[in-house]
Amino acid sequence: MAQRKRYRLKAGRAGVFWISFILFVLIMLYRYVAPMPYRTVIWHEAQVNHLSPYLVAAVIRVESSYRPNAVSSKGAIGLMQLIPSTAKWASLKADNRRIQTAELFDPALNIHLGTWYLNQLLQSYAGNEVLGLAAYNAGSRNVRNWLSEGLLTPSATSAQKIPFPETKHFVHRVLFYKVLYHSLYGFFPPPSRHSSLWQALLP
């Protein structure tokens with residue numbers, strides 16, 4: 001009987017160790033592979049614009065790695081890497097407001113305009129994420145050309161035939177990170193609920 005009790009204690013300790021180890025690995029994934037700062041803003045803007053918050057989080061991860069001061073060689077600014085002329089047009093259309101380029105470094109405004117713009121693109125392609133993301137990266141004119149040339153179809157499920165390597169890579173990465181974010185964060189309650197578990201585990 002004593003041996004059985006010792007065995008159960010050892011098995012119990014091993015179980016606690018492995019559970020702790022798995023939690024540690026998950027937290028490392030949250031913090032380093034797929035961080036999600038600004039998650040309250042992401043959830044709110046995704047809901048307002050009828051988008052998956054995991055898609056928005058993935059776009060930000062690929063575009064700027066969550067660096068609000070990021071500026072690309074092409075002049076795209078902020079978390080969602082918005083071209084100033086596009087962002088100013090989006091602000092007029094969405095909010096009837098004129099903005100200054102420097103305002104795009106503000107995370108909340110950048111996510112607000114970026115999600116609105118992404119939603120407009122997805123609506124243009126009947127919700128097709130491959131086409132919408134391709135347009136977000138390469139512009140709607142290029143996507144229209146690829147559709148007319150037969151390189152892409154309105155029901156495209158893969159970016160494999162996109163002729164721009166950068167855009168193809170962008171779409172592949174965003175769709176990969178969307179799945180990863182859903183896998184890592186999908187079992188948590190939305191951040192608007194201010195869950196103590198969420199606040200404790202996430203960066």
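Glu166 is a good place to enter this predicted model: with a relative accessible area of 49%, Glu166 counts as partly exposed, because only values over 50% are called exposed. The side chain of Glu166 meets that of Lys74 in a salt bridge, with N and O separated by 3.6 Å. This pair links distant parts of the chain, 92 residues apart. Glu166 belongs to helix H8, which covers residues 165-185, whereas Lys74 sits in the loop between H3 and H4. Lys74 has a relative accessible area of 63% and is therefore exposed.

Helix H8 takes part in another salt bridge, through Lys178. Here the partner is Glu129, and the closest N and O atoms are 2.8 Å apart. Lys178 lies in H8 and Glu129 in helix H6 (residues 129-138), so the contact ties together parts that are 49 residues apart in sequence. How exposed are the two partners? Lys178 is partly exposed, at a relative accessible area of 22%, and Glu129 is also partly exposed, at 23%. Both values can be read against the cut-off for buried residues, which is under 20%.

The model also holds a salt bridge between the side chains of Arg97 and Glu103, with a distance of 2.3 Å from N to O. Arg97 is partly exposed, with a relative accessible area of 36%. Glu103 falls into the partly exposed class as well, at 25% relative accessibility. In total, the count of salt bridges comes to three.

Next comes a loop residue, Ala102. Its place is in the loop between helix H4 (84-95) and helix H5 (107-124). Ala102 has a relative accessible area of 57%, so this residue is classed as exposed. Along the chain, Ala102 and Ile77 are 25 residues apart, and their C-alpha atoms are separated by 8.9 Å.

The packing of the helices can be followed by starting from H2. Helix H2 spans residues 39-48 and helix H3 spans residues 53-64; the two pack at an angle of about 120°, with their axes 8 Å apart. What does that angle say about their arrangement? H2 and H3 are oblique to each other, because 120° lies outside the ranges for roughly parallel, roughly antiparallel and roughly perpendicular pairs. The crossing in which H2 passes H3 is right-handed.

H2 also meets H5, and their axes come within 9 Å and cross at roughly 25°. H2 is therefore roughly parallel to H5, since angles under 35 degrees fall into that class. The crossing of H2 past H5 is right-handed.

Finally, the surface carries a nonpolar patch. Which residues form it? The patch is made of Phe17, Trp18, Phe21, Ile22, Phe24 and Val25, which together have about 630 Å² of accessible area. One of these residues, Phe17, lies in helix H1, a helix that runs over residues 2-33. Phe17 is partly exposed, with a relative accessible area of 49%. That value passes the limit for joining a patch, because residues with over 30% relative accessible area can be included.

Key
Residues are numbered from 1 along each chain as its sequence is written. This is a predicted model: local features need pLDDT of at least 70, side-chain atom pairs count only at pLDDT 80 or more; totals for chains, interfaces and linings use all residues. Side-chain values use heavy atoms; hydrogens and water are left out. Patches are made of residues with over 30% relative accessible area and no salt bridge: like charges are joined within 9 Å, nonpolar side chains (Val, Leu, Ile, Met, Phe, Trp, Tyr) within 5 Å. Accessible areas come from the Shrake-Rupley method with a 1.4 Å probe; for residues, only the protein chains shown count as cover. A salt bridge is a side-chain nitrogen of Lys or Arg within 4 Å of a carboxyl oxygen of Asp or Glu. Helices (H or I, at least four residues) and strands (E, at least two) are DSSP runs, numbered from the N terminus. Buried means under 20% relative accessible area, exposed over 50%, partly exposed in between (1.4 Å probe, protein chains only). Axes are lines fitted to C-alpha atoms, for helices over the stretch in contact, and angles run from 0 to 180 degrees between N-to-C directions. Angles under 35 degrees count as roughly parallel, over 145 as roughly antiparallel, 65 to 115 as roughly perpendicular and the rest as oblique. A crossing is left-handed if the near helix is turned anticlockwise from the far one by less than a right angle, and right-handed if clockwise.
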